[in-house]
Amino acid sequence: MKEKYIVKIAGTEISIITDEKGEYVEHLTRIIDRRITDTVMLNKRYSRLEAAIICALDYLNDKIKLEDELNELKLQNEELRRKLDNDR
């Protein structure tokens with residue numbers, strides 16, 4: 001069942017509606033808040049919005065790379081299964 005949570009990220013309160021548990025939402029919130037804060041601290045010229053966009057791009061980049069790696073591993077797994085089946 002969907003729950004509504006109000007979280008604060010980079011000084012901005014946001015309402016989130018999700019099936020996830022509150023502890024998980026808090027965990028995600030802490031991670032992204034810290035990442036945005038660190039980005040602003042490392043480069044003072046970035047606004048919080050710019051830091052949030054950079055973080056979003058970084059996370060999307062990581063996600064796409066992991067999906068590509070997962071797909072490659074699935075293909076390797078299929079090839080190994082076929083080879084194993086052929087050897088029987």
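How many salt bridges does the structure hold? In this predicted model, there are five. Three of these pairs are described below, after which the nonpolar core, the helix residues around it and a surface patch are taken in turn.

Among the five salt bridges is the pair formed by lysine 2 and aspartate 19, whose closest N and O atoms are 3.7 Å apart. Lysine 2 belongs to the segment before β1 and aspartate 19 to the loop between β2 (12-18) and α1, so this salt bridge ties together parts that are 17 residues apart in sequence. Both lysine 2 and aspartate 19 are exposed.

Two further salt bridges are each formed within a helix. In helix α1, arginine 34 pairs with aspartate 38, with 3.3 Å between the closest N and O atoms. The two residues are four positions apart, about one turn of the helix. Arginine 34 has a relative accessibility of 55% and therefore counts as exposed, whereas aspartate 38, at 32%, counts as partly exposed. In helix α2, the side chains of lysine 63 and glutamate 67 form a salt bridge with an N to O distance of 2.3 Å. Lysine 63 and glutamate 67 are separated by about one helical turn, because they are four residues apart in that helix. Both members of this pair are partly exposed, lysine 63 with a relative accessible area of 44% and glutamate 67 with 36%. Side chains of opposite charge can pair when their charged atoms come close.

The largest nonpolar core consists of eight residues, namely Tyr5, Val7, Ile9, Ala10, Val25, Ile36, Ala51 and Cys55. At least two residues of this core come from each of β1 (3-9), α1 (22-42) and α2 (48-87). The greatest contribution is that of β1, which supplies three residues. In soluble globular proteins, nonpolar side chains tend to be buried together.

Valine 25, one of the core residues, touches Tyr5, Val7, Ile16, Thr18 and Glu20 when residues up to four places away in sequence are not counted. The backbone oxygen of valine 25 also lies 2.7 Å from a polar atom of the threonine 29 side chain. Threonine 29 is located in helix α1. With a relative accessible area of 11%, threonine 29 falls under the 20% limit and is therefore buried. Apart from neighbours within four places in sequence, threonine 29 is in contact with Val7, Lys8 and Ile9.

Isoleucine 31 is likewise placed in helix α1, but this residue is partly exposed, with a relative accessible area of 37%. The C-alpha atoms of isoleucine 31 and isoleucine 9 are 9.5 Å apart in space, and the two residues are 22 positions apart in sequence.

A nonpolar patch of about 310 Å² on the surface is made by Leu49, Ile53 and Leu57. Leucine 49 is in helix α2. Its relative accessible area of 60% is over the 50% limit, so leucine 49 is exposed.

Lysine 83 is another residue of helix α2, and with a relative accessible area of 54% this lysine is exposed. Between lysine 83 and aspartate 68, the C-alpha to C-alpha distance is 23 Å, for a separation of 15 residues in sequence.

How values were computed. Residues are numbered from 1 along each chain as its sequence is written. This is a predicted model: local features need pLDDT of at least 70, side-chain atom pairs count only at pLDDT 80 or more; totals for chains, interfaces and linings use all residues. Side-chain values use heavy atoms; hydrogens and water are left out. A nonpolar core is a set of buried Ala, Val, Leu, Ile, Met, Phe, Trp, Tyr and Cys residues joined through side-chain atoms within 4.5 Å. Buried means under 20% relative accessible area, exposed over 50%, partly exposed in between (1.4 Å probe, protein chains only). Contact means heavy atoms within 4.5 Å. Patches are made of residues with over 30% relative accessible area and no salt bridge: like charges are joined within 9 Å, nonpolar side chains (Val, Leu, Ile, Met, Phe, Trp, Tyr) within 5 Å. Accessible areas come from the Shrake-Rupley method with a 1.4 Å probe; for residues, only the protein chains shown count as cover. A salt bridge is a side-chain nitrogen of Lys or Arg within 4 Å of a carboxyl oxygen of Asp or Glu. A polar contact is a pair of N or O atoms within 3.5 Å; within protein, one must be able to donate a hydrogen and the other to accept it, and residues adjacent in sequence count only if both atoms are side-chain atoms.
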